[in-house]
Amino acid sequence: MSVCGEAVGAGSLPSELVVHIFSFLAGPDRLRASAACSHWRECLFYPALWPRLRLSLRVSPAERPRLEFLMRKCGWFVRELRVQFAADNYPSGGGGSGAAAAGGEVGAAVAAAAAGDGEAPPPLCPRWLDLLRTYLELVLCVLSSVRNNRNLQKLSLFGDISILQQHGSISNTYLGKVDPDGKKIKQIQQLFEEILGNSRQLKWLSCGFMLQIVTPTSLSSLSNPIANTMEHLSLLDNHIPGNTTLITAVELERFVNLRSLALDFCDFTAEMARVLADSNHVPLHRLSLLVHSVSIMHKSLDSMPEDENWKALTRNSANLRVYIMAFDVKSDDMLRILKPSIPLERIHFDSYITCVSGAVVDLISRQYDKFLTHFILMNDVIDMSGFPDLSDNRNEDPLVLLAWRCTRLSLLAVHGYTVWAHNLIAIARLRGSDLKVLEVTEESIDFDQGELADQDVDPVHNLIEQVSLGLGRPWHAVMDIELLSVFTEPTRHFYREMQSFSEGI
């Protein structure tokens, strides 16, 4: 092609045209195209091409140069920023891999705390020190890059270092080594408050499992106009010691346009429910609550909403749906928490120490039959006698009753509890194709003696065939638990599901 007798190459195209071409390309294709020449590389970071930035960062020193480059280019104008800090190689003193080894450390720490064990924390692991030091540097890099971004509309931060923050003595010991005078933590907290104070369009603020980034005074940095227009607020397990809460009912009164909220259950009080039920607030559509045994140990359930508070809240918010995740919570506490008027749509149990009782499952199926769509039951308690059996000494299996009563059930996942083969077939037949996800680990499935004694039928083949027929699609048990992210990465799974749950209004 020639213009006025001169050859024109791709590098001579106007910037506006190059940006327009880039807008039709997927991210990887856009990056490859930008390698054509320096002019195209300059066009790659045009603000219109990067309204959203979603990063999954390994907590590794190798990430820092790439992160600094990307945040320097985009941090000052990006409108939606989502960052996950993923510690994908957990240091473990006792072998094992990934989250499974991590879970063992969490369980040991919680068990010691529950028993009142006065022993000193385990010896410091050099790899943990390196991990935490790198984590703090990466967080500082992200926050410093967006501190003056007034276009920011959505900010979501997730920190996957929950092992260190499950037990205060462990996390404080490690922090004392990598940040002895607390300067980095204070700098992180100050940067976070600056971001909130400088924001002019922020409508979505989500911070989950981040180590000491949010303080009880952080939200006061938001101006009243921004707080008044905020639509989503999530403050989950940010490891504030003692019984300190990150938001009070008085502070919540400013968030009159809140449509979705995610909090630690012990922080969601009856007074908060009354604030949200007030006619001055727009109807709340989504409420996600994290119930953790450590939180219950340090805080009290005495201030939680009673049934009349839930009734008042649902009168003002007729479309409200609730998502609860329970970590190692005793069945007696769950029976106190599960008030009849909660519009419970999703519930996820995960345990390393305690087990859910059949009574809790039965209560859920009776009280929430009109709402429940997702039921996840995970257990990693090591017991030589085998997995707990929810149907023990019962005429009817609680999981079968759940499938029968909860006609909207679309997801059922079970690991670490005995699921009898004939009950699994019954569940598939009861819910049929409406049960979109049925994940049961192979090691959780058991067969009665009658099925095993029948020499003419392979019980495993028969199970697969009958469940597949009931669901109307091919089905197999989960063979490798490492493939089941809901088990290997429970906090990340919950946070990801909470985000989509809140966005699905």
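Buried means under 20% relative accessible area, exposed means over 50%, and partly exposed is in between, with a 1.4 Å probe and protein chains only. The model is predicted, so local features need pLDDT of at least 70 and side-chain atom pairs count only at pLDDT 80 or more, while totals for chains, interfaces and linings use all residues. Residues are numbered from 1 along each chain as its sequence is written, and side-chain values use heavy atoms, with hydrogens and water left out.

**Stop 1: strand E5**

Select residues 154-160, which are strand E5. Helices (H or I, at least four residues) and strands (E, at least two) are DSSP runs, numbered from the N terminus. Six of the seven residues of E5 are buried, so the strand is largely enclosed by the rest of the structure. Now add strand E4, residues 80-86, which pairs with E5 in the parallel sense over seven bridges; two strands pair if DSSP finds at least two bridges between them. Val83 is the residue opposite Leu157 in E5.

**Stop 2: strand E6 and its partners**

Select residues 204-208, strand E6, where five of five residues are buried. In a regular strand the side chains alternate between the two faces of the sheet. Here Trp204, Ser206 and Gly208 point one way, and Leu205 and Cys207 point the other way. E5 pairs with E6 in the parallel sense over five bridges. To find the register, look for Leu157 opposite Cys207 and for Leu155 with its bridge partner Leu205.

Next select strand E7, residues 232-236, which runs parallel to E6 and is joined to it by five bridges. Ser234 in E7 is the bridge partner of Ser206. From E6 the chain crosses through helix H10, residues 224-229, to E7, and this β-α-β crossover is right-handed. Right-handed means that, with the strands pointing away from the viewer, the path from the first strand over the helix to the second runs clockwise.

**Stop 3: strand E11**

Select residues 344-351, strand E11; eight of its eight residues are buried. Strand E10, residues 321-327, pairs with E11 in the parallel sense over six bridges, and Phe327 stands opposite Asp350. Between E10 and E11 the chain passes through helix H15, residues 331-337, in a right-handed β-α-β crossover. Then add strand E12, residues 374-379, which pairs with E11 in the parallel sense over six bridges. Ile347 is opposite Phe375 in E12. Helix H16, residues 358-367, completes a right-handed β-α-β unit with E11 and E12.

**Stop 4: the nonpolar cores**

A nonpolar core is a set of buried Ala, Val, Leu, Ile, Met, Phe, Trp, Tyr and Cys residues joined through side-chain atoms within 4.5 Å. The largest has 134 residues, and Phe268 and Phe375 have the most contacts inside it. Helix H6, residues 126-146, gives the largest share, 13 residues. Select Phe268 and show its contacts (heavy atoms within 4.5 Å). Leaving aside neighbours within four places in sequence, they include Leu261, Met304, Trp310 and Leu313. A second, separate core of twelve residues includes Phe158, Leu236, Tyr323 and Phe327.

**Stop 5: two helices**

Select Thr173 in helix H8, residues 168-178. At 30% relative accessibility, Thr173 counts as partly exposed. Its C-alpha is 10.0 Å from that of Leu129, 44 residues apart along the chain.

Finish at helix H20, residues 459-471, where buried residues include Pro459, Leu463 and Leu471. Just after H20, Gly472 takes a positive phi of about 75 degrees.

Terms used
Expected span 1.5 Å × (residues − 1).
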